[in-house]
Amino acid sequence: MSGAAIKCRDVRFSRAEMEFSFDFAAAASDVVAVMGPSGSGKSTLLDLIAGFETPNGGAILIGEEDVTVRPPARRPVSMVFQENNLFGHLDVFSNVALGRSPSLRLDDEDRADVHEAIERVGLSGKDKRLSPALSGGERQRVALARVLVRDRPVLLLDEPFASLGPALRAEMLELVRDLHAERGMTILMATHNPDDAEKLAGHMLYIEAGRVAEKGPASVFFGPDGPEAFRRYIGSKTGR
Amino acid sequence: MATLRVSDHRTVPGGVALGVVATLIVGSIAGLVWEAGADWSGAASAFDAYLFRVARFTLWQAVLSTVLSVLPGIVVARALARQADFRGRAVIVWLFGVPLALPAIVVALGVLALLGRAGIFADVLTAIAGDTWPGIYGLSGILVAHVFFNLPLAARLFLESLDAIPADHRRLEAQLGMNSWSAFRLIEWPAIRAALPGVAMLIFMLCITSFTIVLMLGGGPHATTLEVAIYQALRFDFDPARAVTLTFIQLLLTLVIVIGAARLGASLAGEAFVSVSSGRRVAVSGAERLFNGVVLALGFLFVAGPMTAIVVAGLRADLARLAGEASVHNAVATSLILAFAAAALSVVLSLSLVSARRALELRRGAAGPGLFERASDQGAALVLVIPPIVIGAGWFILLRNSGGAVFGAAPFMVVAVNAVMAMPFAMRAIRPAHDFASARHERLCAQLDIRGWARLRLIDWPPLKRPAATAFAFAMALSLGDLGVIALFGSQDVQTLPYLVLQRMSAYRTQDAAGLALLLGALCFSLMMAADWLSRRDA
């Protein structure tokens, strides 16, 4: 499985008296960091691509397909949320396996894939654990294991590591980078942390007041000629 | 929460559940209208002095019961709130939850066993009065029983708002050296005043629709409420026209109260077991400590008295003989089967409405709720406007007028009416857990395509098991102890335990009644304790 390109063509959406308007394209297998102030519309953009919200106008294309009005399950997309990625009453294995079969009807091959995914994210031996017995980082690992068994060309990350400490966060970024190297899915990652973006992203979207204010290669964003608004947002006076 | 564009069939069972509730209500009103339309003169001529006396008494006893419950309730709640270090506090708070777990008929017998003509205190009261104690019947009996139920309820609800006073206010109270009266006026009264209209409305509503207590303890035309008059008109006077008039007046009365309560923001589906925190230490002077001690002792005795009397009188009965009687076996079996069915139906209907409401809320997103959603939200609360006796009376007349088998319908009526009556409570137990789980799971289910049966089995049911069990036990206890519908529809063929108690009382077999009441009380109490325990255990 490799990635698919994402195109948002003049996507318009309104909620709670706020107007959103997104227009951009992300190349297949790219990693795009989405940054911007709280409430600027990062999560809304991801929700629109995942299908949790439906735009009032415009089109969303994944690969060659127009997915604008498709229900979430029928889009080639997996999304990892900041929290609530797991069903608390189900164990790790079931939580991952739901990515393969929504009714948990699994054949031997499915079971093997699930075990392999759990192993791959570093949770071997923990497949019978319930989510309350897992740490915050482990829960997000389970979510990533499910992403692996779903094997969709687009991965959306909605600040999934925001509540983790610095060391864990670095570990998780490492894991995402490795998974990207293996699978080559297109990743859109909303984050508040410039380090995340700098470590992982090929391109950047800077969102302000419901629209894409700046876009470009990450190297430019973090270089001396980065966009003024973005530099003000991350608080760097001169380029680094 | 995101708007989800998913085809969602969760609204279908909700529609069916609303249909069941609507059928029950519409059928009842159809019966009443039919009877009234067939012969206007009968219904109109029922507007006589008797009717006005009954209506006046209904209101009067409810006003007195409310005042006598609420005012002492405030004093008791304050004593509990200010004596947080008192060791018996937890026991009293727990004890104050027990009356709500007891069926009205059991409590009525407890009051009689204590204060009746042959009651435990009869000799003492005769000595004090200097005349033979006539027994506590009529208004005073009704008031004692109503206050027994509602004073503890009021105290617990007020205690809840007193315990919600911010800790910093209590610290200020200590720092500024407020005396007890200033603390009440400046800190506690505002909290109580906020809760007062809701608590008073709830208790007034409970007393105005109280049937069993008035039936057992009221006497004659001078101490009869509308509900008991409806029952007498149907079962003894065979005067459906009068029953119709009485029913419409009762409906009008409750409707006015419910609308008033809604204006005040009062919730009429009172919680059986309010959770009460351990409270905070408040500096209390020696004199106040003494006063609080006396208040708590009186409150304790008032609540513990009838409960002890139930047990003592029940144990005096010839329990061994009762246990061998076929009629008792039959009544126990009938009661358990009907209550089980009612509880199961209640839980299924409540689950359907709760999940339909949530699905509709998700579908509409930020837009305002539509009619269907409002109906699934408030529809069950509607039954609080329409007391069981009223629904029963309407169906009684409908079945009779259409030539149906009135007494043959007894099991269905008991199950349906009791199930619907328990719904506001069942929905209260189920909805928070359901909506909380839904908020966490909705997007995952949409993305992973978990739908229909798989979703119910894997995702929705596991976190709902415990609240559903709580609702089930609660509904079963409620149904088991109910004497409303079965009083109308009971017959030689269909007898529940409360009905059997009523029969033994009517036949002056008081000891038998006390024994059976003990059994009934024990059953309901155990179920309520199970409901409470289930709702407290961590998931």
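**Exercise 1. Work out whether Gly73(B) is buried or exposed in this predicted model, and what surrounds it.**

Start with the neighbour count: Gly73(B) has 29 C-beta neighbours inside 10 Å. A residue is buried if 20 or more other C-beta atoms lie within 10 Å of its own, so Gly73(B) counts as buried.

Next, place the glycine in its element. Gly73(B) is part of helix α3 of chain B, which runs over residues 49-82.

Then list its partners. Leaving out residues up to four places away in sequence, Gly73(B) touches Leu151(B), Ala154(B), Ala155(B) and Phe158(B).

Finally, try a residue that isn't on that list. Val111(B) sits 38 residues from Gly73(B) along the chain, and 20 Å separates their C-alpha atoms.

**Exercise 2. Describe how α12(B) and α17(B) pack: what is the crossing angle, and which residues meet?**

Take the geometry to begin with. Helix α12 (residues 240-264) and helix α17 (residues 388-401), both of chain B, have axes that come within 10 Å and cross at roughly 150°. Angles over 145 degrees count as roughly antiparallel, so that is the label for α12(B) relative to α17(B). As for handedness, α12(B) makes a left-handed crossing with α17(B).

Now go down to residues. From α12(B) come Pro240(B), Ala243(B), Thr247(B), Gln250(B) and Leu251(B), and they meet Val390(B), Ala393(B), Gly394(B) and Ile397(B) of α17(B). Sort this contact by character and you get six nonpolar residues, three polar and no charged.

**Exercise 3. Two residues that are not glycine have a positive phi; find where Asp151(A) and Tyr508(B) lie and how exposed they are.**

Some background helps here: most residues other than glycine have a negative phi.

Take Asp151(A) to start. Its phi is about 55°. Asp151(A) belongs to the loop that links α4 (136-150) to β7 (154-158) in chain A. Within 10 Å there are 15 other C-beta atoms, so Asp151(A) comes out as partly exposed.

Now do Tyr508(B), where phi is about 60°. This tyrosine lies in the loop between α21 (497-506) and α22 (510-536) of chain B. Tyr508(B) has 9 C-beta neighbours inside 10 Å. The cut-off for exposed is 12 or fewer, so Tyr508(B) counts as exposed.

**Exercise 4. Check chain A against the radius of gyration of a compact globule, then fill in its fold.**

Begin with the expected value: for 240 residues, a compact globule would have a radius of gyration near 18 Å. Chain A has 18 Å, so it agrees with that value.

Look at the outline next. The C-alpha trace of chain A spans about 50 × 40 × 35 Å along its principal axes.

Then turn to the inside. Buried residues make up 43% of the 240 in chain A. Of the contacts in chain A with a separation of 6 or more, 66% are between residues 24 or more positions apart. The secondary structure of chain A consists of eight helices and ten strands.

**Exercise 5. Break down the contact between chains A and B: how many residues come from each chain?**

Count the two sides: chain B puts in 20 residues and chain A 19 residues.

Stay with chain B and ask which helices take part. Both α18 (410-448) and α19 (452-480) supply at least two residues each to the side that touches chain A. The most comes from α18(B), with six residues.

Last, sort that side of chain B by character: twelve residues are nonpolar, three are polar and five are charged.

Definitions and conventions:
Residues are numbered from 1 along each chain as its sequence is written. Chains are lettered from A and ligands numbered from 1 in the order in which they are written. This is a predicted model: local features need pLDDT of at least 70, side-chain atom pairs count only at pLDDT 80 or more; totals for chains, interfaces and linings use all residues. Two residues are in contact if their C-beta atoms, placed from the backbone, lie within 7 Å. Helices (H or I, at least four residues) and strands (E, at least two) are DSSP runs, numbered from the N terminus. Ala, Val, Leu, Ile, Met, Phe, Trp, Tyr, Cys and Pro count as nonpolar, Asp, Glu, Lys and Arg as charged, and the others, Gly among them, as polar. The radius of gyration is taken over C-alpha atoms; the globule rule is 2.2 Å times the number of residues to the power 0.38. Axes are lines fitted to C-alpha atoms, for helices over the stretch in contact, and angles run from 0 to 180 degrees between N-to-C directions. Angles under 35 degrees count as roughly parallel, over 145 as roughly antiparallel, 65 to 115 as roughly perpendicular and the rest as oblique. A crossing is left-handed if the near helix is turned anticlockwise from the far one by less than a right angle, and right-handed if clockwise.
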